[in-house]
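Thank you all for coming. I would like to talk for a few minutes about charged pairs and about a ligand, so please have a look at what is on the screen.

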2 protein chains.
Amino acid sequence: MTQIYDRVALIGLGLIAGSMGLAMKRAGCVGEITGYAKTAKTREIADRIGLVDRVCASATEAVQDADLVVLCVPVGAMGDVAAEIGPHLKPGATVTDVGSVKQAVVDAVAPHIPEGVHFIPAHPMAGTEHSGPEAGFAELFDNRWCLLVPQPGTDADAVDRLEDFWHALGANCERMEVEHHDLVCAIVSHIPHIIAYTMVGVADDFHRVSEQEVIKFSAAGFRDFTRIAASDPTMWRDVFLNNKQATLEILGRFTEELFALQRAIRTGDGQTLFDYFNHTREIRRGIIEAGQDTDAPDFGRSKKH
Amino acid sequence: MTQIYDRVALIGLGLIAGSMGLAMKRAGCVGEITGYAKTAKTREIADRIGLVDRVCASATEAVQDADLVVLCVPVGAMGDVAAEIGPHLKPGATVTDVGSVKQAVVDAVAPHIPEGVHFIPAHPMAGTEHSGPEAGFAELFDNRWCLLVPQPGTDADAVDRLEDFWHALGANCERMEVEHHDLVCAIVSHIPHIIAYTMVGVADDFHRVSEQEVIKFSAAGFRDFTRIAASDPTMWRDVFLNNKQATLEILGRFTEELFALQRAIRTGDGQTLFDYFNHTREIRRGIIEAGQDTDAPDFGRSKKH
Ligand SMILES: NC(=O)c1ccc[n+]([C@@H]2O[C@H](COP(=O)([O-])OP(=O)(O)OC[C@H]3O[C@@H](n4cnc5c(N)ncnc54)[C@H](OP(=O)(O)O)[C@@H]3O)[C@@H](O)[C@H]2O)c1
Ligand SMILES: NC(=O)c1ccc[n+]([C@@H]2O[C@H](COP(=O)([O-])OP(=O)(O)OC[C@H]3O[C@@H](n4cnc5c(N)ncnc54)[C@H](OP(=O)(O)O)[C@@H]3O)[C@@H](O)[C@H]2O)c1
């Protein structure tokens, strides 16, 4: 494959950055990859397992001469990192990020990007419940979506190039407006996460059913929630603090619907329950047809045992 | 393997009965297996694919001379089936069921069981979102739990024998009181299902985000809910109508907790969010250690594509 960028700098070396580093190597689509993370421990691990070509001692060192800089830190840390690297960015370079919310990242990062540097926010919609430098794998983005949210007036060639880059990493790309991005993600990701966290919290706190029982019998539905409720607390705290409007709006809708179903249970209204449950099957079918999940019973989990 | 029952009758020939039929054949632990389902269509399919040895034209014919009768119909249909077969049960036989709630089944079934027949309610905690005679597979119960809820005074040998039977089908067994069963299942299964249904319903009804977007980007968390929200509407309507007390109690707790997190989001209380999210990871670890799920990123879903 031809090189898309000569030098790429990854700031943050966790699940997403690590997977990007490995996917770039797999694709052979860039020249040198540099990287930096806050703690010496993470930098050492990244160096040892070869997530990037060169681990740097500072963010400013990592971005030196980079054609693409990717901010792979929690959403709440984006602003500080941008302030630090801003003055050291190469003219003509592109700065992007992988944050799970976008309006807050634009607000925090854009002011620090100098004239002549392209800032193109992005969000690869792929992840696992694991985090840290050892969680990454080259296939993470394969057949997943990366949303690009270029602001009006951004250089079209720079956006196309970033899109080529994400394609090379295995992802499909789609462009979207910032506000719409945050709403879509609230529905497909943020609200499911807060609900899963809540469900797991309730089970844990319900003393008449022991933790051992919850764990043993989890295959009956509960365990589908625990995977996403095991996701990184720092990342998710930042997501909710930074996508307040959309999450609160949809949470309001969620509780409204839940109350309606609760009422149907209380009053014994079987028809309402049946109709509601019947309706939701189609969405599941759509997801399987779109290749975003497998139809195997149990996700093929049982085959692991 | 030695035969545990000479003749087993399955009433209802859907996911659970079909999986039991195939698992019995795999184990070679019974003599003849008879079966009956309400519609001719299901009976024909069951006959064609060999779910049981002999498909009967009526429930009373199926239970004739059976040593074990398993009621594998929706919870709301258990009472009628029991009334129909009651007079035709062989003295000394065991009647059991696989219903997802137990108090309501006991109330509906027990009055129809004659003296000299053992009634031992049970619930295999295994399932998929698929239903019908073609959904079954022999491995469904492997390494899953089957809960037995014998009532006080039930013949101990009959209970032991039913436990042996479930072991032969691949399951682990645990005995539990009826009321506790319904509470445990509300937490690990019923509430997760109603929440998943609600989440999918909200996404479907939220017109500013298209169904296509929801489907495309579902891998970010949402899709984990869709599997259980695709489960059979009849079965789940019956579950909620018949486990009202426990589901309403736990739903109350759930909304209470959700409101607390919602408030933390609104007020920007990052510490509360972080602490809550941090706490839930341990349960996930427990589930993986207990062999009830795999730790593979993405459940190994990506390997299917
Ligand atoms: N995980 C997902 O499912 C997912 C999916 C899509 C997008 N995202 C987004 O991707 C970003 C990273 O997530 P992740 O899952 O890769 O997290 P992660 O595995 O926890 O990694 C975060 C990385 O950021 C580094 N970091 C934190 N603060 C920093 C700072 N001030 N300066 C330099 N490095 C800093 C950390 O370094 P230390 O280890 O040294 O602390 C760590 O290497 C987040 O914005 C998240 O919203 C995540
Ligand atoms: N699916 C799960 O995840 C799961 C897990 C544990 C326990 N359970 C319990 O297992 C039971 C069966 O569930 P399933 O998933 O196997 O459902 P299913 O696949 O929908 O099968 C239900 C079967 O019951 C038959 N049936 C319904 N009413 C009947 C009647 N009056 N007389 C005779 N047969 C009748 C149906 O026959 P027709 O096809 O002819 O209508 C069908 O064969 C339910 O009580 C459920 O609560 C389910």
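R253(B) is partly exposed, with a relative accessible area of 23%, and I should say at once that what we are looking at is a predicted model. The side chain of R253(B) meets that of D205(A) in a salt bridge, with 2.7 Å from N to O. Because D205(A) belongs to helix α7 (residues 178-205) of chain A and R253(B) to helix α11 (residues 244-267) of chain B, this pair joins two chains. D205(A), for its part, is also partly exposed, and its relative accessible area is 32%.

As a reminder for those new to the subject, side chains of opposite charge can pair when their charged atoms come close.

Now, a second pair is formed by R227(B) and D224(A), whose closest N and O atoms are 3.0 Å apart. R227(B) sits in helix α9 (residues 223-228) of chain B, while D224(A) sits in helix α9 (residues 223-228) of chain A, and so this pair, too, joins two chains. Are these two residues, R227(B) and D224(A), buried or exposed? Both of them are buried.

Let me turn to a pair within chain B, where the side chains of K102(B) and D97(B) meet in a salt bridge of 2.8 Å, again from N to O. K102(B) is buried, with a relative accessible area of 0%, and D97(B) likewise counts as buried at 0% relative accessibility.

Salt bridges can also be linked to one another here, since E129(A), R227(A), D224(B), R284(B) and D293(B) are part of a network of them. Over all chains, a search of the whole structure finds 36 salt bridges.

That leaves the ligand, and I will stay with ligand 2. Which residues come nearest to ligand 2, of the 28 around it? They are T39(B), T42(B), V73(B), S100(B) and G132(B). For T39(B), a polar side-chain atom lies 2.6 Å from an oxygen atom of ligand 2, whereas for V73(B) it is a polar backbone atom that is 2.6 Å from an oxygen atom of the ligand. L15(B) also offers a polar backbone atom, at 2.9 Å from an oxygen atom of ligand 2. On its own, ligand 2 has 900 Å² of accessible area, and the protein covers 86% of this. The elements of chain B that give two or more residues to the shell are α1 (15-27), α4 (78-85) and β7 (122-125). By class, the shell around ligand 2 has 16 nonpolar, 11 polar and one charged residues.

Notes. Residues numbered from 1 in each chain as written. Chains lettered and ligands numbered in written order. Predicted model: local features only at pLDDT ≥ 70, side-chain atom pairs only at ≥ 80, totals over all residues. Heavy atoms only, no water. Near = heavy atom within 4 Å. Polar contact = N/O pair within 3.5 Å; in protein donor to acceptor, adjacent residues only side chain to side chain. Areas by Shrake-Rupley, 256 points an atom, 1.4 Å probe, with all protein chains shown as cover. Helix = DSSP H or I, 4+ residues; strand = E, 2+ residues; numbered from the N terminus. Nonpolar A, V, L, I, M, F, W, Y, C, P; charged D, E, K, R; others polar. Salt bridge = Lys/Arg side-chain N within 4 Å of Asp/Glu carboxyl O. Buried < 20%, exposed > 50% of the residue type's maximum accessible area, 1.4 Å probe, protein only.
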